[in-house]
Amino acid sequence: MTKDRTLTQSNFDALLVWLDPDRDLAAAKYEDIRAQLIRMFVYRGSLFAEELADETINRVAGKISELAGSYAGEPALYFCGVARNVYRESLKAAQAPPMPVRTADPPGVPEDPPAEYLCLEKCMESLPPESRKVILDYYEITAGEQIEGRKKLARALGIAPNALRIRAHRIRARLFACVSRCIEGKAGRRK
Amino acid sequence: MKQYSENDNLTLIWQYLLNRLSEDLRQNVEDRLMTDKIFAEQLRMAEGELCDEYAAGRLQGADRESFERLFLVQPELRRQVEFAQALHRYVLSKSAAQVGAGRRESSWRALVGCIRAQSFGFRAALAAACMAIVLGGGWLLLEVNRLQDSLDSLRALQAQASKDQLDLVRELGAEKNRRLQAEQELAYLKAKETPQNRTGVPANFLAVVLQSGLVRDAGSTPQIMLPADKDGVRFELALENDSFPRYEAVLEMPEGAQVFKQSGLSSQKTSRGPAVFVQLSREILKPQDYILRLTGIAADGSRQRAGTYYFRIASK
């Protein structure tokens with residue numbers, strides 16, 4: 001981005017007060033807003049999501065003295081509106097549209113076991129047995145019988161199908177975090 | 001604010017992630033992403049599920065293209081895709097290896113537990129019935145056993161077939177890489193034989209030698225001016241140590257987005273020392289900075305960085 005609005009300490013403090021009078025709650029809200037802004041830019045396809053999120057925050061902080069007295073709505077929505085302007089400007093500033101990814105490997109063709117797979121094997125072992133069984137049963141159900149198969153699995157576990165979906169998502173998220181740590185660890189050891 | 005059902009949300013989120021929403025609806029989703037924690041969590045769930053669908057090969061056509069345009073370009077989302085692919089492979093391999101014995105054993109334990117929980121009278125009646133079955137229906141038991149054995153054999157065959165299929169797909173992937181390599185070699189040798197091309201480079205490709213590890217700055221980054229009559233560039237990536245049987249080259253933009261990947265490469269001896277050759281067509285190469293990362297792949301599958309090569313495609 002060409003516009004560089006530096007975030008001053010006093011603006012940042014005022015921004016936190018605007019988000020919540022309680023400093024700890026305000027800090028949590030700030031982190032939450034920043035994380036969601038980054039996701040919003042990622043989903044819009046920007047390759048500079050973090051920079052655009054910080055630019056958005058800097059712009060809001062730059063107007064904090066006006067906002068604190070006049071804006072009555074949900075602060076997160078104000079950030080959202082500013083973020084869209086920042087995004088539009090970033091498109092104008094970009095010299096070329098993002099290039100499509102090209103890969104010489106046909107999609108879905110496995111090569112040697114990649115690092116993710118080796119890490120996943122370890123992470124699966126570290127799961128409690130009942131979680132491991134749930135995730136394996138959940139994903140083992142083939143495409144044609146997914147809805148019925150997952151309903152049946154939910155019944156066997158004594159929970160609603162949506163509760164099963166959430167449980168599988170949480171185990172999956174835990175595995176993903178474990179695999180990410182494992183890969184970072186491997187990369188660190190190689191350096 | 002409008003109330004959405006679970007299904008409304010799911011449909012809306014999938015359309016959002018596949019870039020199928022109008023700007024108004026997109027903004028509506030973004031507003032909810034910023035203010036509704038449950039909705040934000042649902043979005044993360046759908047993100048994972050979409051990656052699972054892709055990894056399982058169930059996303060096709062326009063959906064697949066939309067997915068790849070976003071998820072394979074964004075580094076964070078790409079990690080999700082790679083994870084989903086690993087998970088899919090893991091579950092496939094576990095399914096293939098699973099045999100009926102474990103499940104039969106757990107069913108038997110459940111049955112014994114259930115009988116033990118019954119009253120004495122019921123257990124006595126059950127014992128009498130069992131005796132009758134043993135005495136009068138021995139043949140039936142034998143028949144059941146025979147059928148069970150047949151079922152186990154079929155299951156084992158099915159598991160073996162799944163495993164064989166997985167091995168076959170893996171072998172096919174390796175074979176395709178080898179074929180790609182062979183085609184490149186062939187193109188290279190043909191070009192070498194052509195009298196008007198003494199450089200050993202396919203006639204329509206510009207030959208460029210890159211050294212690894214040169215610091216990226218305006219002064220030392222090799223600049224390449226691609227003439228209009230060339231189809232692309234054939235890079236000779238000089239190796240400091242040629243210690244791997246196979247290499248993988250990845251072309252990235254400076255911010256980390258991957259543009260091109262080629263696996264199954266092997267080194268060649270040149271008058272300057274060992275090198276790996278990578279051919280990139282001009283439609284991939286736009287005027288900007290690039291990084292070519294070369295990874296060595298050992299016989300046991302372990303990977304190690306073999307070189308990092310910086311270059312810039314200069315504008316005309």
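These are legends for a set of close-up views of a predicted model with chains A and B.

**View 1. Chain A on its own is built from nine helices and one strand.** Walk along the sequence of chain A and you meet the pattern α-α-α-α-α-β-α-α-α-α. Of the 191 residues in chain A, 42% are buried. Take the contacts in chain A between residues at least 6 apart in sequence, and 58% of them join residues at least 24 apart. Chain A leaves about 10,600 Å² exposed, with carbon and sulfur atoms supplying 55% of that area.

**View 2. Chain B brings eight helices and nine strands.** There are 316 residues in chain B, and 38% of them count as buried. For contacts in chain B between residues at least 6 apart in sequence, 63% link residues at least 24 apart. The exposed area of chain B comes to about 17,900 Å², and carbon and sulfur atoms supply 55% of it.

**View 3. Here is where chain A and chain B meet, with 57 residues of chain A in contact with 73 residues of chain B.** Interface size is often quoted as the accessible area lost when the parts come together. For chain A and chain B, the buried area is about 5,900 Å², and carbon and sulfur atoms give 59% of it. The interface also has 19 residue pairs in polar contact, both residues at pLDDT 80 or more. On the chain A side, α2 (23–43), α5 (75–93), β1 (102–103), α6 (115–126), α7 (129–140) and α9 (161–190) each put in at least two residues. The largest share of that side, nine residues, comes from α9(A). Sort the chain A residues that touch chain B by type and you get 32 nonpolar, seven polar and 18 charged.

**View 4. Zoom in on the charged pairs that cross from chain A to chain B: there are nine salt bridges across this interface.** Side chains of opposite charge can pair when their charged atoms come close. One salt bridge to look for is R39(A) with E76(B), at 2.9 Å from N to O. Counting over all chains, the structure holds 25 salt bridges.

**View 5. Look at helix α3 of chain A, residues 49–62, for a pair within a single helix: R59(A) and E55(A).** The two form a salt bridge, with their closest N and O atoms 2.9 Å apart. R59(A) and E55(A) sit four residues apart, about one turn of the helix. Are these partners buried or exposed? R59(A) has a relative accessible area of 12%, so it counts as buried. E55(A) is buried as well, at 5% relative accessibility.

**View 6. Helix α7 of chain A holds another pair, D137(A) and K133(A).** Their salt bridge has its closest N and O atoms 2.7 Å apart. D137(A) and K133(A) are four residues apart in the helix, so about one helical turn separates them. D137(A) is buried, with 17% relative accessible area, whereas K133(A) is exposed at 51%.

**View 7. In chain B, the side chains of R58(B) and E53(B) meet in a salt bridge.** The N to O distance for this pair is 3.1 Å. R58(B) counts as partly exposed at 32% relative accessibility, while E53(B) counts as buried at 17%. Elsewhere, R44(A), R84(A), E23(B), E30(B) and D31(B) are joined into one network by salt bridges that share partners.

**View 8. Finish with E116(A), a residue of helix α6 in chain A.** Which residues does E116(A) touch, leaving aside those up to four places away in sequence? In chain A it touches V179(A) and I183(A), and in chain B it touches E82(B) and A86(B). E116(A) and V179(A) are 63 residues apart in sequence, yet their C-alpha atoms are 6.5 Å apart in space. With a relative accessible area of 15%, E116(A) is buried.

Key:
Residues numbered from 1 in each chain as written. Chains lettered and ligands numbered in written order. Predicted model: local features only at pLDDT ≥ 70, side-chain atom pairs only at ≥ 80, totals over all residues. Heavy atoms only, no water. Contact = heavy atoms within 4.5 Å. Buried area = accessible area lost by both parts, 1.4 Å probe. Salt bridge = Lys/Arg side-chain N within 4 Å of Asp/Glu carboxyl O. Polar contact = N/O pair within 3.5 Å; in protein donor to acceptor, adjacent residues only side chain to side chain. Nonpolar A, V, L, I, M, F, W, Y, C, P; charged D, E, K, R; others polar. Buried < 20%, exposed > 50% of the residue type's maximum accessible area, 1.4 Å probe, protein only. Areas by Shrake-Rupley, 256 points an atom, 1.4 Å probe, with all protein chains shown as cover.
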